[in-house]
Amino acid sequence: QTCALPISVYTGGRVRGQLEAARANVLGSQEQLRRIEGETVQSVIIAYAAVLRDRRRLQVARENVEVLREQLNARRARRKVRDVTITDVAQADARLASGEAQLATADAQLAISRGEYLRIVGHEPGDLAPLPELPGIPESIDQAFDIADMENANLAVARRQEEASRANIAAQREIGRAHVS
């Protein structure tokens, strides 16, 4: 003996509304995934560019220290023949000390950038190719805003959430109408 439960043939649009809400929620979740993917790619690009930038800064700082060291040595040599004053030598020494401090700062910043790259990407940066040129730059600010409006994952998520909310409201109205009748 089986117990038969009553099955409604007509639901007054509730199932349709619930189905539309579920579809909108799925599409919203897909947009959230797209947003997270975009943020991840952006983080990788930023870390990559920071390593390239800081490697170049370190190289420039090293070259600067070498030039300042040569200038100090030249000032000292000229001081021996009394061609420059002791103040000139002291100033060259101060410039070298400042350059060495900038070198240490550049080295520390590169270590920070490498650590950030390791955290985001999962391995040491190694040899990195230069950043490519950016393709497809919008020709006008209006075009940039149009592209941003169409491609912005946060806006797409909000639109899908609105669709889901409207479908839920429609389904609840149908439930309310069914209870009234």
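1. A residue counts as buried under 20% relative accessible area, as exposed over 50%, and as partly exposed in between. Glutamate 163, at 38% relative accessibility, is therefore partly exposed. This residue belongs to helix α4, which covers residues 153-180. In sequence, glutamate 163 stands 143 residues from glutamate 20, yet their C-alpha atoms are 8.1 Å apart in space.

2. The model is a predicted one, and its confidence should be considered before any detail. The average pLDDT of the protein is 87, and 88% of the residues score at least 70. Helix α2 has the highest confidence, with a mean of 96, whereas helix α4 has the lowest, at 77. Where pLDDT is low, the predicted coordinates should not be read in detail.

3. On the overall architecture, the protein contains four helices and zero strands. Read from the N terminus, the order of elements is α-α-α-α. Of the contacts with a separation of 6 or more, 77% join residues 24 or more positions apart. Buried residues account for 19% of the 181 residues. The exposed surface of the protein comes to about 13,500 Å², of which carbon and sulfur atoms supply 55%.

4. The largest nonpolar core has nine residues: Ala47, Tyr48, Val51, Leu58, Ala61, Ala106, Leu110, Tyr117 and Leu128. Helices α1 (14-80) and α2 (86-121) each contribute at least two of its residues. The greatest contribution comes from α1, with five residues. Another core, of seven residues, lies apart from this one and includes Leu72, Val89, Ala92 and Leu96. Within the largest core, Ala61 and Ala106 are both members. Leaving aside residues up to four places away in sequence, alanine 61 touches Gln102, Leu103 and Ala106.

5. Helix α2 merits separate comment. With 36 residues at 1.5 Å a residue, α2 should span 52 Å; this agrees with the 52 Å between its end C-alpha atoms. The buried residues in α2 are Val89, Ala92, Leu96, Gly99, Ala106, Leu110, Ser113 and Tyr117. Glycine 122 follows α2 and has a positive phi, near 105°.

6. Which residues does serine 113 touch, not counting residues up to four places away in sequence? The contacts are Ala50, Val51, Arg53 and Asp54. Serine 113 itself is in helix α2, and its relative accessible area of 5% is under the 20% limit, so this residue is classed as buried. Of the residues it touches, Val51 is a member of the largest nonpolar core.

7. Two of the residues in contact with serine 113, Arg53 and Asp54, also pair with each other. Arginine 53 and aspartate 54 form a salt bridge, with 2.9 Å between the closest N and O atoms. Is each partner buried or partly exposed? Aspartate 54 has a relative accessible area of 1% and is therefore buried. Arginine 53, at 38% relative accessibility, is partly exposed.

8. The salt bridges of the model number 13 in total. One of them joins arginine 34 to glutamate 31, with the closest N and O atoms 2.9 Å apart. Arginine 34 and glutamate 31 are three residues apart in helix α1, which means that about one helical turn separates them. An α-helix has 3.6 residues a turn, so residues three or four places apart point the same way. As to accessibility, glutamate 31 is buried because its relative accessible area is 16%, while arginine 34, with 32%, is partly exposed.

9. A further salt bridge links the side chains of arginine 78 and aspartate 83, at 2.9 Å from N to O. Arginine 78 is partly exposed, with a relative accessible area of 36%. Aspartate 83 also counts as partly exposed, at 48% relative accessibility. Elsewhere, Glu31, Arg34 and Glu151 are joined into one network by salt bridges that share partners.

Key
Residues numbered from 1 in each chain as written. Predicted model: local features only at pLDDT ≥ 70, side-chain atom pairs only at ≥ 80, totals over all residues. Heavy atoms only, no water. Core = buried A, V, L, I, M, F, W, Y, C linked by side-chain atoms within 4.5 Å. Buried < 20%, exposed > 50% of the residue type's maximum accessible area, 1.4 Å probe, protein only. Contact = heavy atoms within 4.5 Å. Areas by Shrake-Rupley, 256 points an atom, 1.4 Å probe, with all protein chains shown as cover. Expected span 1.5 Å × (residues − 1). pLDDT = per-residue confidence, 0-100. Salt bridge = Lys/Arg side-chain N within 4 Å of Asp/Glu carboxyl O.
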